[in-house]
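Work through these exercises with the model open. Each task is followed by a solution in steps.

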Amino acid sequence: MNKTIADIAQMAGVSKSTVSRFLNGGSVSLDTKRKIEKVVKATGYVPNAFAQSLKAKRTNIIGTVVPRLDSFATSHTLMGIDEELRSQHYQMLISNTSQDVQREIEAIYELGRQKISGIILLAAQITDDHLTAIHDIGIPVLLVGQQHEQLHSLIHDDYRAGYDIGTYVLSQGHREIAYVGVTEKDVAVGVQRKEGFRQAVRDALPAESHTEDAMRAAGYDIRYYETGFKMSDARIAASAILDNFKPSLMVCATDNIALGVINAAYSRGIVIPSDLSVTGFGGYDITEVIHPALTTVQYPYMEAGRVAAQNIMRLVEHKSVEKVTVMNYSLIERESVDKR
């Protein structure tokens with residue numbers, strides 16, 4: 001049977017309030033601390049973190065609001081957050097919103113009502129309603145994956161990563177390129193990666209060749225498309241693109257999109273990379289084991305989660321944190337890009 005604080009107090013010969021104070025990090029004598037620790041160890045007692053939070057002035061629970069759970073980026077970020085929080089005796093509470101913006105707003109308010117210490121918010125976009133909710137709950141919030149001037153943010157360097165991918169594929173001789181992106185409502189994935197790539201193309205050409213007609217006259221045919229985040233959506237989009245355009249390479253805004261493109265190519269008898277080269281963003285585990293292995297930008301999602309946890313704990317403890325924390329990345333060159 002699970003032990004209660006009253007049981008622990010009786011076994012240790014101290015009051016319930018003393019046990020509660022000990023569990024919440026309050027001041028107790030060294031002798032009392034040793035007594036309680038001995039009983040806790042002997043009984044395997046695990047305190048109810050949520051119940052503690054209802055009484056404590058400062059809780060040890062951090063809420064995380066995530067758009068989806070079936071995402072490599074999200075799951076690995078959460079693993080990093082959980083690992084770091086546990087090492088510092090914090091607990092993580094997850095609220096999944098299934099990519100519903102209104103549910104994100106509701107989740108912020110709900111977590112605020114549960115008296116948690118802070119929130120790590122993984123959101124595709126930040127609206128005025130988000131900002132109102134964050135202001136209303138009055139607890140620290142850290143935005144992960146996106147940047148907003150009114151919030152502490154942790155981001156991946158999406159613009160520079162897009163630029164590096166662009167520079168790399170151009171250096172391999174590719175000039176007929178389809179960029180397959182996502183909605184611009186997602187600023188990091190839909191805007192920053194694309195704009196970084198677009199700038200790399202501009203920098204590869206003289207200033208007078210930046211118009212579409214001038215680029216084509218210089219031998220460049222670069223077209224931009226949009227799809228959803230799901231592999232199935234990307235497969236359909238890639239089939240439509242290949243019906244009307246024969247690029248030598250497709251730059252995909254995520255690894256999932258790249259996998260959808262590869263699937264569509266194989267269904268048409270298009271060989272990767274000799275007929276069509278493909279790149280992605282993310283660095284998902286599967287991209288290393290498929291054949292050919294995918295050239296991609298690898299983001300340190302677990303490390304980002306650990307840093308996010310460190311930052312939110314600092315905010316909870318009223319310590320200074322940089323307004324924007326930028327994570328690094330690696331461009332991984334594999335077999336999915338051929339020279340032209």
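A pocket here is an open set of grid points, on a 1 Å grid over the protein atoms alone, with protein on both sides within 12 Å along at least five of seven lines. The model is predicted.

**Exercise 1. The largest pocket**

Task: State how much space lies in the largest pocket, and find which residues and elements line it.

Solution:
- Step 1. Start with the volume: the largest pocket holds about 820 Å³.
- Step 2. Go to the lining. It has 38 residues, and Pro67, Ala124, Asp186, Val189 and Phe229 are the closest to the centre.
- Step 3. Assign elements. Two or more lining residues come from each of helix 5 (72-87), helix 6 (101-113), helix 9 (187-203), helix 12 (255-267) and helix 14 (301-316). Helix 5 gives the largest share, 4 residues.
- Step 4. Sort by class. The lining has 18 nonpolar, 11 polar and 9 charged residues.

**Exercise 2. The parallel sheet**

Task: Give the strand order of the open sheet with parallel pairing, and find its edges.

Solution:
- Step 1. Read the order of the 6 strands: 2-1-3-4-5-11.
- Step 2. Find the edges. Strand 2 (91-96) and strand 11 (324-327) each have a single partner strand, so one side of each lacks a neighbour in the sheet.
- Step 3. Take the twist. Neighbouring strands are turned by 20° against each other on average, direction ignored.
- Step 4. Check one pair. Strand 1 (residues 61-66) and strand 3 (residues 118-122) run parallel over 4 bridges. Ile62 has Gly118 of strand 3 as its bridge partner.
- Step 5. Add a helix. Helix 14 lies across strand 1, strand 3, strand 4 (141-144), strand 5 and strand 11, at about 170° to strand 5.

**Exercise 3. The mixed sheet**

Task: Repeat the analysis for the open sheet with mixed pairing.

Solution:
- Step 1. The order of its 6 strands is 7-6-8-9-10-12.
- Step 2. Strand 7 (221-226) and strand 12 (330-332) are the edge strands, each pairing on one side only.
- Step 3. Neighbouring strands are turned by 15° on average, direction ignored.
- Step 4. Strand 8 (residues 249-252) runs parallel to strand 9 (residues 277-282), joined by 3 bridges. Leu249 has Ser277 as its bridge partner in strand 9.
- Step 5. Helix 12 packs on this sheet, touching strand 6 (176-181), strand 8, strand 9 and strand 10 (295-298). Its direction makes about 155° with that of strand 9.

**Exercise 4. One residue**

Task: Is His156 buried or exposed?

Solution:
- Step 1. Locate His156: strand 5 (residues 152-156).
- Step 2. Apply the cut-off. The relative accessible area of His156 is 9%, so His156 is buried, as buried means under 20%.
- Step 3. List the contacts. Leaving out residues up to four places away in sequence, His156 touches Tyr299, Pro300, Tyr301, Ala304 and Met327.

Terms used: Residues are numbered from 1 along each chain as its sequence is written. This is a predicted model: local features need pLDDT of at least 70, side-chain atom pairs count only at pLDDT 80 or more; totals for chains, interfaces and linings use all residues. Side-chain values use heavy atoms; hydrogens and water are left out. Buried means under 20% relative accessible area, exposed over 50%, partly exposed in between (1.4 Å probe, protein chains only). Contact means heavy atoms within 4.5 Å. On a 1 Å grid over the protein atoms alone, a cavity is a set of points where a 1.4 Å probe fits but cannot get out, and a pocket is an open set with protein on both sides within 12 Å along at least five of seven lines; lining residues have an atom within 4 Å of a point. Grid points are joined across faces, edges and corners, and a volume is the space filled by probe spheres set on the points. Ala, Val, Leu, Ile, Met, Phe, Trp, Tyr, Cys and Pro count as nonpolar, Asp, Glu, Lys and Arg as charged, and the others, Gly among them, as polar. Two strands pair if DSSP finds at least two bridges between them. Axes are lines fitted to C-alpha atoms, for helices over the stretch in contact, and angles run from 0 to 180 degrees between N-to-C directions.
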